[in-house]
Amino acid sequence: MRLDEVAIVGVGLTPQVKRSEKNSLQVALDAARLALADAGLRHTDVDGIAARWPGPGGTELAPGSADWSTLLGVPLGWIGDSYPQGVPALVDAAGAILTGQATTVLITGGQAGVLGGGTVAAYTRPGNEFVEPFGAFTATHFALVAQRHLARFPHARRGMAEIAATIRNTGSVNPAAVMHGRGPYTADDVLTAPPVVDPFTLLDLCLASEGGAAVVVTTLERARDLPHPPVVLLGAGMEWLRQQYVDPARYEQVWSIGSAAARKAFGQAGLGPSDVDVAQLYDVNSLEVARQFEALGFCGEGEGTDFALATGIGADGKLPTCTDGGLLSFSHIGWGAPTLKLAEAVHQVRGTAGDRQIARAEIALAAGAGSGAQYYNLALLGRAR
Amino acid sequence: MTELTAGFWSAAERRELVRPVCGDCGRNFFTPQIACPECLSENWSYEPSSGCGRVYSATVVHKASTPGVEVPFHLGIVDLDEGWSMLTTLVGSRLPAIDAPVEVTWLERDGRTVPAFRETA
Ligand SMILES: [Zn+2]
């Protein structure tokens, strides 16, 4: 078997909301049901799971994914507690399938009933003794990288705001987005929004919301008998510089993180950046979108915002980016958020994105994490050839 | 605090800034790890730092991640003269520029003495 004989055959997203009445396990199970139904499969068809266990309940023993065999009542041939989900889980699933450990893998996750209480989401403020006393949280780590970049390329601030406004406006007209109906926004709205951590205002930064996301991965052979056109894995790459949010990210080390992963992924796929039709970049903030264009080889260092503006990253642009509204406007569901990127890439490639369908979206890029996080991953997905 | 980091915090109680230095290759590193990231030697110890360095990056935090934290405050990365760096609080009314010289000062925070840095006069 080859990489492009691994296919995503089902995607499932629960409603994405600011605060859910459910818990994380319920939304992960809901998303799994939706993804299996979308794939035309039953839970008894699953023989591999990369889902960890979001709680509540479950055993305290790792791997948490094994608890899913109890919940679903199915014996499993393979499990993986992929960290995070999204692309790393897809690569894990592909490995399990390519080595004959499983034929049909469920990836599911998300968060619900965990936000609120006047604090930012717990996953954004790791309890490290060399981080916590100084009041750092995830956005501040990204900000310390951004401040170095803007000292070199001050013009990028305006372009960041244009990027944030464009992606938020894409989400504004997506009825499934958490921020549906909010906006439209201009770059000036972004620049004059309440500041959170310089250079970012509230509108430069992604949401923290609740919901579940799941995908089902299987062999291309099996996929051919299922309802939707199979979306195959053309290439993938990962980079891990160091543990996230402990030792601070240094601009010169982290700015281009993703470039090696992109060379790997594009090399496997036999494609280049100009072949990408839709880019589901990991838009944790406005500058990260520009940074990824630079790191992934779409343009040079310091050119990311100009590239975005000249190319057009809205639905009518030459490179529609974050076509569901992204983490900025659609949803960000913690460790499950990277799976949202896979789901939207799959919808676009197989032509099931509804009103937000981009014409001739044959090759999609889906990504996870970024510079302040000090790791990055991406996958290239396309129709079976 | 762990066995690995207790030496840092007990020095901080005395308002002394220390950092791990490898006894084999001389590398300075931070945060503390069980072995030197240059040569993997576990033969390292906490040595006093001059507390002098330069601002690598700095930002103003306008919104705290938890209630009860006064905003705005200044957060930065400081490169110490001995060749190591740390995430820290920057004190003073003005945000220091990148490359500004700074020196260590100390804050009492949640019952603990923590290092912060201020622009060198
Ligand atoms: Zn050493």
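The buried residues of α1(A) pack against five elements of chain A: β1 (6-13), α2 (67-72), β4 (104-111), β7 (211-219) and α13 (337-350). Here, buried means under 20% relative accessible area, with exposed over 50% and partly exposed in between (1.4 Å probe, protein chains only). Helices (H or I, at least four residues) and strands (E, at least two) are DSSP runs numbered from the N terminus.

A word on the model before going on. This is a predicted model, in which local features need pLDDT of at least 70 and side-chain atom pairs count only at pLDDT 80 or more, while totals for chains, interfaces and linings use all residues. Residues are numbered from 1 along each chain as its sequence is written, chains are lettered from A and ligands numbered from 1 in the order in which they are written, and side-chain values use heavy atoms, leaving out hydrogens and water.

**Helix α1**

Twelve of the 16 residues of α1(A) are buried, so the helix is largely enclosed by the rest of the structure. Among them are A:Leu25, A:Val27, A:Leu29, A:Leu36 and A:Asp38. Its length agrees with expectation: at 1.5 Å a residue, the 16 residues (24-39) should span 22 Å, and the end C-alpha atoms are 22 Å apart. The expected span is 1.5 Å times one less than the number of residues.

At the start of α1(A), a side-chain oxygen of A:Asn23 comes to within 3.0 Å of the backbone nitrogen of A:Leu25. Just after the helix, A:Gly40 has a positive phi of about 70 degrees.

The side chain of A:Asp38 forms a salt bridge with that of A:Arg350 (2.8 Å, N to O). A salt bridge is a side-chain nitrogen of Lys or Arg within 4 Å of a carboxyl oxygen of Asp or Glu.

**Two domains**

An automatic or database assignment sets the domain bounds, and the two domains of chain A are tabulated here with the residues each brings to their contact (heavy atoms within 4.5 Å).

| Domain of chain A | Bounds | Residues in the contact |
|---|---|---|
| Domain 1 | 3-117 + 211-223 | 31 residues |
| Domain 2 | 134-206 + 233-383 | 34 residues |

The C-alpha centres of domain 1 and domain 2 of chain A lie 24 Å apart. Between these domains of chain A, about 2,500 Å² is buried, 71% of it from carbon and sulfur atoms; buried area is the accessible area (1.4 Å probe) that two parts lose on being put together, summed over both. A:Gln16, A:Tyr83 and A:Val87 supply 23% of the area that domain 1 of chain A buries against domain 2 of chain A, more than any other three residues. The count between the two domains of chain A is one salt bridge.

Key. A polar contact is a pair of N or O atoms within 3.5 Å; within protein, one must be able to donate a hydrogen and the other to accept it, and residues adjacent in sequence count only if both atoms are side-chain atoms.
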